[in-house]
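The following paragraphs lead the reader through one protein chain and the ligand that accompanies it. Please keep the sequence and the model in view while reading.

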Amino acid sequence: MSKIRHNWTTEEILDIYHKPMMELLYEAASVHRLHHDPNTVQVSTLLSIKTGGCSEDCGYCPQAARYHTNIEGNDLMTIQQVKAQALRAKAGGSSRVCMGAAWRNVKDGEEFDQVLEMVRTINKLDMEVCCTLGMVTENQAKRLAEAGLYAYNHNLDSSEEYYKEVISTRGFEDRLQTINNVRKTNVTVCSGGIIGMGESIKDRAGMLVALSTLNPQPESTPINALVAVEGTPLEDQQPVEIWDMIRMVATTRIVLPETQVRLSAGRTQMSREGQAICFFAGANSIFAGDKLLTTPNPDVDQDMKMFETLGLTPQKPFTKKVQPQTVEAADSKLEALGEKPKWTRPGHKIERNELAKQNRKTHN
Ligand code: SF4
């Protein structure tokens with residue numbers, strides 16, 4: 001078995017990334033086969049349960065209130081709406097529902113209680129439940145775990161150095177702290193990043209150093225290709241080359257051998273052949289549904305046709321870990337503490353973020 005290492009260096013990862021393509025693919029596919037069934041791919045559905053109006057300044061995100069984008073915002077969905085969407089996702093072959101809310105961090109109160117009920121509802125449908133709600137405290141992570149949450153997503157986005165070029169409203173260490181809080185529970189960690197934001201290849205390797213040195217390594221790592229949305233600071237970024245995506249997926253597979261590597265945003269820009277090479281190189285998870293939060297995604301039928309062509313089967317829920325128990329709200333031993341944690345707000349200046357903010361003012 002290829003060993004899990006927590007001491008990868010940037011130089012070692014760069015050496016892997018730059019290998020001749022055929023060698024890289026062979027090595028990644030070999031690692032993949034040792035740890036995973038190469039003919040199974042997990043299908044997840046991403047649901048935006050609260051869209052837009054976010055206070056953060058992530059340079060890639062159309063949901064940041066400060067940028068002028070054309071997305072339609074919505075308040076927190078109802079439990080019934082979420083249940084209906086989850087049932088539809090299950091019928092379409094998804095084994096996991098990931099609920100995303102455009103929040104800086106979770107606040108104890110009615111809305112969080114509603115999200116906890118959504119987690120209970122989906123877990124009872126025998127689907128894996130994942131949430132991505134921003135920063136969470138240890139107590140909030142424990143409450144999510146108690147409700148039956150399977151995974152919590154919190155991306156590192158890029159290397160620690162390049163993170164400062166993209167986001168000024170919170171620090172890289174806050175990301176690590178949230179992951180740490182989730183690790184104090186049985187909830188698995190989903191954490192990855194985005195390529196194509198103008199970062200160097202060294203930054204891509206730096207992100208993989210940060211992810212691989214986490215102990216344990218994340219159970220799931222999404223690799224997103226930036227979808228440049230008009231009105232965001234990164235609107236002029238060129239689409240990621242398929243070969244860059246393949247190299248990134250293959251390198252991630254080698255460095256994170258047991259992790260589910262997820263082909264996430266940017267799949268609409270990839271051919272089926274390109275995606276097939278990514279699966280060969282170790283990607284074993286995709287998001288289904290025609291929208292990924294607010295950006296386009298291939299529709300389910302197209303994906304199922306691709307699976308048929310490639311002889312791939314959707315992964316069954318709870319293949320990697322047993323289903324968590326749900327504790328009902330009335331039986332909970334945990335209180336809503338109403339903590340006010342001090343997450344950082346570095347507030348450094350990012351010129352292109354400032355410019356996008358100005359452009360919004362001119363539009364309004
Ligand atoms: S990525 Fe999340 S935290 Fe950042 S602006 Fe978008 S919704 Fe807010």
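Two strands are said to pair if DSSP finds at least two bridges between them. The model described here is a predicted one. In it, strand E7, residues 220-225, pairs with strand E8, residues 260-263, in the parallel sense over four bridges. Within this pairing, Ile223 stands opposite Leu263 in E8. Strand E7 has a further partner in strand E6, residues 193-195: three bridges join the two, and they too run parallel. Here Ile195 stands opposite Ala225 in E7.

The connections between these strands pass through helices. E6, helix H8 (residues 201-212) and E7 form a right-handed β-α-β unit. E7, helix H9 (residues 242-255) and E8 likewise make a right-handed β-α-β unit. In the loop between H8 and E7 lies Pro216, which is joined to Asn215 by a cis peptide bond with omega of about 0 degrees.

How many of the residues of strand E7 are buried? Six of its six residues are, and the strand is thus described as mostly covered. In a regular strand the side chains alternate between the two faces of the sheet. In E7 both faces are covered, with Ser220, Pro222 and Asn224 buried on one side and Thr221, Ile223 and Ala225 buried on the other.

Several residues of E7 also appear around positions annotated in UniProt. An unreviewed entry lists Cys98, Cys130, Cys190 and Arg262 under "binding site". Although these positions are spread over 165 residues of sequence, they cluster in space, the largest C-alpha distance being 13.7 Å. Of these, Arg262 is found in strand E8. Arg262 counts as buried because it has 24 C-beta neighbours inside 10 Å, where 20 or more are required. Leaving aside neighbours within four places in sequence, Arg262 is in contact with Ser220, Thr221, Pro222 and Ile223, as well as with Gly192, Ser285 and Ile286.

Cys190 lies in strand E5, residues 188-190. It is buried, since 28 other C-beta atoms lie within 10 Å. Its contacts, again without neighbours up to four places away, include Cys130, another position on the annotated list. Among the other contacts of Cys190 are Ser220 and Pro222, and also Ala151, Tyr152 and Asn153.

Attention now turns to the ligand. Which residues surround the ligand? They are Cys54, Glu56, Cys58, Cys61, Gln63, Ala64, Ala102, Arg104 and Gly134. By class, this shell holds five nonpolar, two polar and two charged residues. The UniProt annotation "binding site", from an unreviewed entry, covers three members of the shell, namely Cys54, Cys58 and Cys61.

Cys58 is placed in the loop between strand E1 (40-50) and helix H3 (79-91), and Cys61 lies in the loop between E1 and H3 as well. Are these two cysteines buried or exposed? Cys58 counts as buried because it has 24 C-beta neighbours inside 10 Å, and Cys61 is buried with 24 other C-beta atoms within 10 Å. Apart from residues up to four places away in sequence, Cys58 touches Ala64, Val166 and Ile167. Of these, Ala64 is itself one of the residues around the ligand.

Strand E1, which precedes that loop, contains Leu46. Leu46 counts as buried, with 24 C-beta neighbours inside 10 Å. Its C-alpha atom is separated by 6.6 Å from that of Phe287, although the two residues are 241 residues apart along the chain.

A helix offers another example of burial. Helix H5, residues 138-147, is largely enclosed by the rest of the structure because eight of its ten residues are buried. Among them are Gln140, Leu144 and the charged residues Lys142, Arg143 and Glu146. The buried residues of H5 pack against helix H4, strand E3, strand E4 (151-153) and helix H7 (172-183). H5 is followed by Gly148, whose phi is positive, near 110 degrees.

Positive phi values also occur in residues other than glycine. Asp126, in the loop between helix H4 (110-123) and strand E3 (128-132), has a positive phi of about 60 degrees. It is exposed, since 12 other C-beta atoms lie within 10 Å. Phe318, in the loop between strand E12 (313-314) and helix H12 (351-363), has a positive phi near 60 degrees. With 15 C-beta neighbours inside 10 Å, Phe318 counts as partly exposed.

Key: Residues are numbered from 1 along each chain as its sequence is written. This is a predicted model: local features need pLDDT of at least 70, side-chain atom pairs count only at pLDDT 80 or more; totals for chains, interfaces and linings use all residues. A residue is near a molecule or strand if its C-beta atom, placed from the backbone, lies within 6 Å of it. UniProt positions are given in the numbering used here, feature names are shortened, and annotations may be inferred rather than shown by experiment. Two residues are in contact if their C-beta atoms, placed from the backbone, lie within 7 Å. A crossover is right-handed if, with the strands pointing away from the viewer, the path from the first strand over the helix to the second runs clockwise.
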